[in-house]
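Morning, everyone. Please look at the screen while I walk you through one chain.

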Amino acid sequence: MPTLILVRHGRSTANTEGLLAGWTPGVALDERGAAQAAALPGRLAQLPLSEVVTSPLQRCQETLQPLLAARPALTAHTDERIGECHYGDWSGRKLAELTGEPLMEVVQAHPSAAAFPGGESMRAMQTRAAEAVREWNARVERDHGADAVYLMCSHGDIIKSLVADALGLHLDLFQRISVEPCSITAIRYTRLRPFLLRLGDTGDFASLAPREEPPAEDAPVGGGAGAP
């Protein structure tokens with residue numbers, strides 16, 4: 001079965017403003033995110049990508065523009081199932097404001113029980129994304145062979161939930177996974193089991209350096225803005 005390259009979108013204006021974007025329209029890459037996207041073709045230059053699939057949201061579409069320009073033979077297929085979690089009434093709100101919400105504790109400690117008001121549950125988010133991957137695995141293998149490599153551009157919580165699915169981790173443990181903006185995660189699927197080959201690889205170790213302010217103990221909902 002194919003190897004899946006998962007790319008989180010580059011840093012967005014919502015990331016830098018501390019907003020939970022969700023499906024809010026008009027959320028674009030910021031200057032750093034655009035630079036991250038511009039570097040993506042070089043980082044993936046040695047990979048023979050068979051297909052490209054993307055979330056319909058603007059920040060993912062913008063992340064892929066340099067890659068598609070560098071590989072004109074590729075066309076991006078849009079799949080809503082790998083779009084961001086539907087955060088409902090939380091969408092567009094400041095993450096700092098949401099910290100005090102009782103639901104946030106559930107999102108952090110027991111996400112399989114978390115359902116966003118006016119939105120979807122995290123369990124439903126994982127299910128739709130995993131179903132999309134399985135269908136695309138079959139399609140890519142049928143059209144390009146079992147050794148094919150294809151790419152999906154998606155969002156932090158989606159990618160974390162797919163990694164948990166691949167590792168056989170309960171969704172309640174997925175907040176232990178971190179994927180920074182424009183990071184690359186690679187999963188090779190086989191008939192019996194998936195293999196996690198890369199996780200949140202940015203090719204940059206600056207994010208591991210000590211910071212003036214220690215990082216928060218809670219996992220950033222939506223994925224966070226990455227290293228400063």
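I'll take the sheet, then a helix, then the cysteines, then the cores. Keep in mind that this is a predicted model.

Start with the sheet. Six strands make up an open sheet, in the order 3-2-4-1-5-6. The pairing is mixed. A quick reminder: strands of a sheet pair through backbone hydrogen bonds, and they can do so parallel or antiparallel.

Which strands stand at the edges? Strand 3, residues 76–78, and strand 6, residues 194–201. Each has a single partner strand, so one side of each has no neighbour in the sheet. The sheet is also twisted in this sense: neighbouring strands are turned by 20° against each other on average, ignoring direction.

Now zoom in on one pair. Strand 1 covers residues 3–8, and strand 5 covers residues 184–189. These two run antiparallel, joined by five bridges. Find Leu-6 on your screen. Its bridge partner in strand 5 is Thr-185.

Next, the helix. Helix 6 spans residues 122–144. What does helix 6 lie across? Strand 1, strand 2, strand 3, strand 4 and strand 5. Strand 2 is residues 49–54, and strand 4 is residues 149–154. Against strand 4, helix 6 runs at about 150°.

On to the cysteines. How many disulfides does the structure hold? Zero. Take Cys-60. The closest cysteine sulfur to its own is in Cys-153, 3.9 Å away. A disulfide needs the two sulfur atoms within 2.5 Å, so this pair is too far apart for a bond. Cys-153 is in no disulfide either, since its nearest cysteine sulfur is that of Cys-60. Are they buried or exposed? Cys-60 is buried, at 0% relative accessibility. Cys-153 is buried too, also at 0%.

Last, the cores. The largest nonpolar core has 37 residues. Which members touch the most others? Trp-90, Phe-116, Met-122, Tyr-150 and Met-152. Several elements supply at least two residues each, among them strand 1, helix 5, helix 7 and strand 5. The largest share, eight residues, comes from helix 6.

Look at Met-122 more closely. Leaving out residues up to four places away in sequence, Met-122 touches Val-107, Pro-111, Ala-114, Phe-116, Asp-157, Leu-171 and Phe-174. Apart from the largest core lies another one, of 16 residues. Its members include Val-7, Leu-67, Val-149 and Ile-184.

That's the tour. Thanks for listening.

Notes: Residues are numbered from 1 along each chain as its sequence is written. This is a predicted model: local features need pLDDT of at least 70, side-chain atom pairs count only at pLDDT 80 or more; totals for chains, interfaces and linings use all residues. Side-chain values use heavy atoms; hydrogens and water are left out. Two strands pair if DSSP finds at least two bridges between them. Helices (H or I, at least four residues) and strands (E, at least two) are DSSP runs, numbered from the N terminus. Axes are lines fitted to C-alpha atoms, for helices over the stretch in contact, and angles run from 0 to 180 degrees between N-to-C directions. Contact means heavy atoms within 4.5 Å. Buried means under 20% relative accessible area, exposed over 50%, partly exposed in between (1.4 Å probe, protein chains only). A nonpolar core is a set of buried Ala, Val, Leu, Ile, Met, Phe, Trp, Tyr and Cys residues joined through side-chain atoms within 4.5 Å.
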